[in-house]
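Here are some questions about a structure, each followed by a reasoned answer. Please keep the sequence and the model in view while reading.

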Amino acid sequence: MEPPCRTPTVQRNHGQIGTLPAIRSALDWLPNDELDYDSWMRIGMALKGALGDAGGEVFATWSAQAAKDVPATTARAWASFKPDRIGAGTIYHLAMERGWQPDAALRLDGSVDQDGPHPAADLLARLEGSAPTVADPEKPIFSLTIPDGLVGDLTGYMLATARRPQPLLSLGASLCAIGALMGRRYPGEHEAIVTDKVWDQVDAILQGNRHARSSNSRMQTPAPLKGLIFTDTGAAMTPTATKKRGKLYRYYVSMDVIKNRTTEDDNGVQAPVRLPAGMVEDAIVTEVRRILQTPEVVTQVLAALKRDQVSEAEAIAALHDFNTLWAQLFPLEQARIIQLLVRRVTVTAAGLEVDIRREGVAGVIREMIAPRDMEAAE
């Protein structure tokens, strides 16, 4: 007599296993309207890796969202799935790419037995009595205030780019990073990557206009040319962005296009009405650098700074150091400098026309020279 045929049990490692509430929550962000076959199979295998055979009903319900679903085919596909490495992590990752943010109450890892001993039970036992007792776990035990300045900027950057922002950890990481760098010297055989002079110049610019910088510290992606760039018809080009497969694409788009107005000038010539933001911003920075080295601008800046008792040698050295200084600034600070230096950018069929604020150049140079004046005073 032959032994009865049994359906093999899928062996799963702990990294694949998820929990049913978390998987259901993530699947809400992965609709199966008209999904292609390969993606459907991938999510099916990930579901089996995450929930095992118990996930069959979930897969069938999710597959039924598609008009082309055939239950018998779905059942055969489920029986054939033998996931090796794919599991809950795939489901969570795909859902997060589409905007899912798991609730803090959800338990994502199904490999941990909630009713069993805590994985860190031994450590917790040794620490018992050393931590303060919290009377009311629902009541916050502290109020977190994120400071201004470099710490606030770095913390804001971490929060803006994190998939699951955690203010306390971001603030702590910022303090650790700055504490490890500021005021220390490390012996080495190579020259310093950032010279003391450039460091001081960057710090001087960071100290300037703190209020404006703190209000913008949580901007995820700054748009340096916002309010500065126009088409040759006079229409403003507004920053827009779209995300595709987890990657952010930024553009400057003419308001003529957004409001369905004509995009041609009086001569019937149409300038570009949609430009990739990175490309046009790089072009403007390159042009600004070129203009700052022209004799005409140098002469005007020297004349303006002479009234402030800034020596010609200091001003020329600051202009020469501008390229090095620019590379050390955070994106938000670079955006602020562009707003100081550029009056208007006009997009034409022939290219970009950049109008520089000569008075802005003098202001930036003053900020760069400020650290040396402070050293002399000391």
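Q: Which residue forms a salt bridge with Asp-355?

A: In this predicted model, Asp-355 lies in strand β6 and its partner in strand β5, so the pair ties together parts that are 12 residues apart in sequence. Asp-355 counts as partly exposed at 35% relative accessibility, and the partner is also partly exposed, at 34%. The closest N and O atoms are 3.6 Å apart, and the residue that forms this salt bridge with Asp-355 is Arg-343.

Q: Is Glu-281, which meets Arg-250 in a salt bridge, buried or exposed?

A: The side chains of Arg-250 and Glu-281 meet at 2.9 Å, N to O. Arg-250 belongs to strand β3 and Glu-281 to helix α12, so this salt bridge ties together parts that are 31 residues apart in sequence. Arg-250 is partly exposed, with a relative accessible area of 23%. For Glu-281 the relative accessible area is 11%, and because buried means under 20%, Glu-281 is buried.

Q: What separates Arg-290 and Glu-287 along helix α12?

A: These two residues form a salt bridge in which the closest N and O atoms are 2.7 Å apart. Arg-290 is partly exposed at 48% relative accessibility, and Glu-287 is partly exposed with a relative accessible area of 25%. Because they are three residues apart in helix α12, the separation is about one helical turn.

Q: Which element gives the most to the largest nonpolar core?

A: This core has 39 residues, and those that touch the most other members are Leu-225, Ile-229, Tyr-252, Ile-284, Leu-341, Val-342 and Val-361. Several elements each supply at least two residues of the core, including α13 (295–306), β5 (342–347) and α17 (358–377). With seven residues, the element that gives the most is α12.

Q: What distance separates the C-alpha atoms of Phe-230 and Ser-254?

A: Phe-230 has its place in strand β1, residues 229–231, and at 16% relative accessibility Phe-230 counts as buried. Along the chain, Phe-230 and Ser-254 are 24 residues apart, whereas their C-alpha atoms are separated by 7.4 Å.

Q: Where does Arg-245, a member of a positive surface patch, lie?

A: The patch is formed by Arg-42, Arg-98, Lys-244 and Arg-245. With a relative accessible area of 78%, Arg-245 is exposed, because exposed means over 50%. Arg-245 lies in the loop between β2 (237–244) and β3 (247–254).

Methods
Residues are numbered from 1 along each chain as its sequence is written. This is a predicted model: local features need pLDDT of at least 70, side-chain atom pairs count only at pLDDT 80 or more; totals for chains, interfaces and linings use all residues. Side-chain values use heavy atoms; hydrogens and water are left out. Patches are made of residues with over 30% relative accessible area and no salt bridge: like charges are joined within 9 Å, nonpolar side chains (Val, Leu, Ile, Met, Phe, Trp, Tyr) within 5 Å. Accessible areas come from the Shrake-Rupley method with a 1.4 Å probe; for residues, only the protein chains shown count as cover. A salt bridge is a side-chain nitrogen of Lys or Arg within 4 Å of a carboxyl oxygen of Asp or Glu. Lys and Arg count as positive and Asp and Glu as negative; His and the chain ends are not counted. The place of a charge is taken as NZ of Lys, CZ of Arg, CG of Asp or CD of Glu. Helices (H or I, at least four residues) and strands (E, at least two) are DSSP runs, numbered from the N terminus. Buried means under 20% relative accessible area, exposed over 50%, partly exposed in between (1.4 Å probe, protein chains only). A nonpolar core is a set of buried Ala, Val, Leu, Ile, Met, Phe, Trp, Tyr and Cys residues joined through side-chain atoms within 4.5 Å.
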